[in-house]
Amino acid sequence: MLAHGFHPPALKNALGIVLDKPGKLSYDSPSSLRVIVLLRTISKILERIVASRRSAQATICSLIHPLQCGSLPGRSTADAALVLQHNVESFHRLGYKVSTLFLDVKGGFDNMESPSLLALLGRKVVSSYLVQWVGSFLRDRTCRLTFQVSPPLFAPVSVGVPQGSPISPLLFVIYVSSLHLEVPRTLIISYVDDFAVTVAAPSYRTNVRLLQKSFSALKRKASAINISFSVPKTELIHWRTTRSNERPCSLPVQLEDQIFYPQSCLKWLTSSSPPLWTQGPTSPEGTHLRMPP
C-alpha cells in the first residue's frame, strides 16, 4: 500500500463519538461539543508507520520551522518554554521591553485543506510515494457521528484530518509551518495549534502596536490556508525583570474589536509532567508563566 501510495477505502470509514466539553454553561451550540474520531486498528498501525517516516524527513526537507514544537521527536513543552525564556532574557539584556501574545488556532485539524497540504509537500523534497499516500489517505473519507438517535449512515468528509489518527498532528504542524513569519525583533513559537508571538522594542506602547500588526499579518497568512485564530482565547503578558523598579505595564492589545489586558500569571501549553522551566508555580496540567512583581 505504501509503495503504491494507496490507502484502502475500507479503512477510511470512521466513527465520531460526540462528547460534551466540560465546564460549558449550555450545550445547545455545536461548539460546546467535541468529536473524537475512532479509526480501525490496522489503519492506525499504517498511519503510525507513515508518521514515523515523515518525522524523519520533516527537518531534512524543511517541512517544519525550527521554532515549531509538539508532534515532533525531541521537541516537547519544555523545549518551547526554554526557547521563550531564552529569547525574553536576551531581549532584556539588550535593553528592550518585551511582550508576548498567546494565540490559539480555531479548530485547526478540522479546517485543513488537502489540496493546500499536498501542494506544500509537492514543493519539498519528499518521497513521491508518501505524498501520494497522504493524498489517498485524505480523499473520500466518511464519518458517522454517534450520539442518541443518530442515523446509522456514513457521511462524506471533504475537509480536515481525523483527530484520532497518529499522523494528523504531524500533518497539521507541516500545514501551519508558513505561519512562522520572519519579522525583525519578533519571535513566533508554536506548539501544534498554540502560538506565542513575542516582540521587543524600546517601549511597551510600541510592543502593543507591533503585536497588533503581527496578528494582522498572521491572520492574513492563516486565512490563505483556511485557518483562523480563536480570538477570545487570546492572552497577553508584558515581561519585566526581577530588578525592574517600574510599575507593571497595563496597556492592552485590541484585536478584532476585542480588548485584552495583560496578565501577571497565565498557563501556556499542557504537559503530563512538570516543565524544566517556569516563571511561576508548576503543575501537571501545564506551564505557568508569571511576570515578576
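**Exercise 1. Which residues line the largest cavity?**

Before we start: this is a predicted model, where local features need pLDDT of at least 70, side-chain atom pairs count only at pLDDT 80 or more, and totals for chains, interfaces and linings use all residues. Numbering runs from 1 along each chain as its sequence is written, and side-chain values use heavy atoms, with hydrogens and water left out.

*Step 1.* Get the term straight: on a 1 Å grid over the protein atoms alone, a cavity is a set of points where a 1.4 Å probe fits but cannot get out, and lining residues have an atom within 4 Å of a point.

*Step 2.* Read off the lining: Met112, Glu113, Ser114, Leu117, Leu138, Arg141, Val157, Ser158, Val159, Gly160 and Val161.

*Step 3.* Sort it by class: six nonpolar, three polar and two charged residues. Here Ala, Val, Leu, Ile, Met, Phe, Trp, Tyr, Cys and Pro count as nonpolar, Asp, Glu, Lys and Arg as charged, and the others, Gly among them, as polar.

*Step 4.* Add the volume, about 70 Å³, meaning the space filled by probe spheres set on grid points that are joined across faces, edges and corners.

**Exercise 2. Work out where Gln68 sits and what surrounds it.**

*Step 1.* Place Gln68 in strand β3 (residues 68-69); strands are DSSP runs of E, at least two residues, numbered from the N terminus.

*Step 2.* Gln68 counts as buried because its relative accessibility is 1%, and the cut-off for buried is under 20% relative accessible area (1.4 Å probe, protein chains only), with exposed over 50% and partly exposed in between.

*Step 3.* Follow the side chain of Gln68: it reaches the backbone oxygen of Val173 at 2.8 Å.

*Step 4.* List the contacts (heavy atoms within 4.5 Å). Skipping neighbours within four places in sequence, Gln68 touches Arg75, Val173, Val176, Ser177, His180 and Ser190.

**Exercise 3. Set two residues with positive phi side by side.**

*Step 1.* Arg185 isn't a glycine, yet its phi is near 55°. Asp257, also not a glycine, has a phi of about 65°.

*Step 2.* Find their loops. Arg185 lies between α5 (168-175) and β7 (186-191), while Asp257 lies between β10 (253-255) and β11 (258-260).

*Step 3.* Check accessibility: at 39%, Arg185 is partly exposed, whereas Asp257, at 72%, is exposed.

How values were computed:
Helix = DSSP H or I, 4+ residues; strand = E, 2+ residues; numbered from the N terminus. Polar contact = N/O pair within 3.5 Å; in protein donor to acceptor, adjacent residues only side chain to side chain. 1 Å grid on protein atoms, 1.4 Å probe; cavity = no way out; pocket = protein on both sides within 12 Å on 5 of 7 lines; lining within 4 Å.
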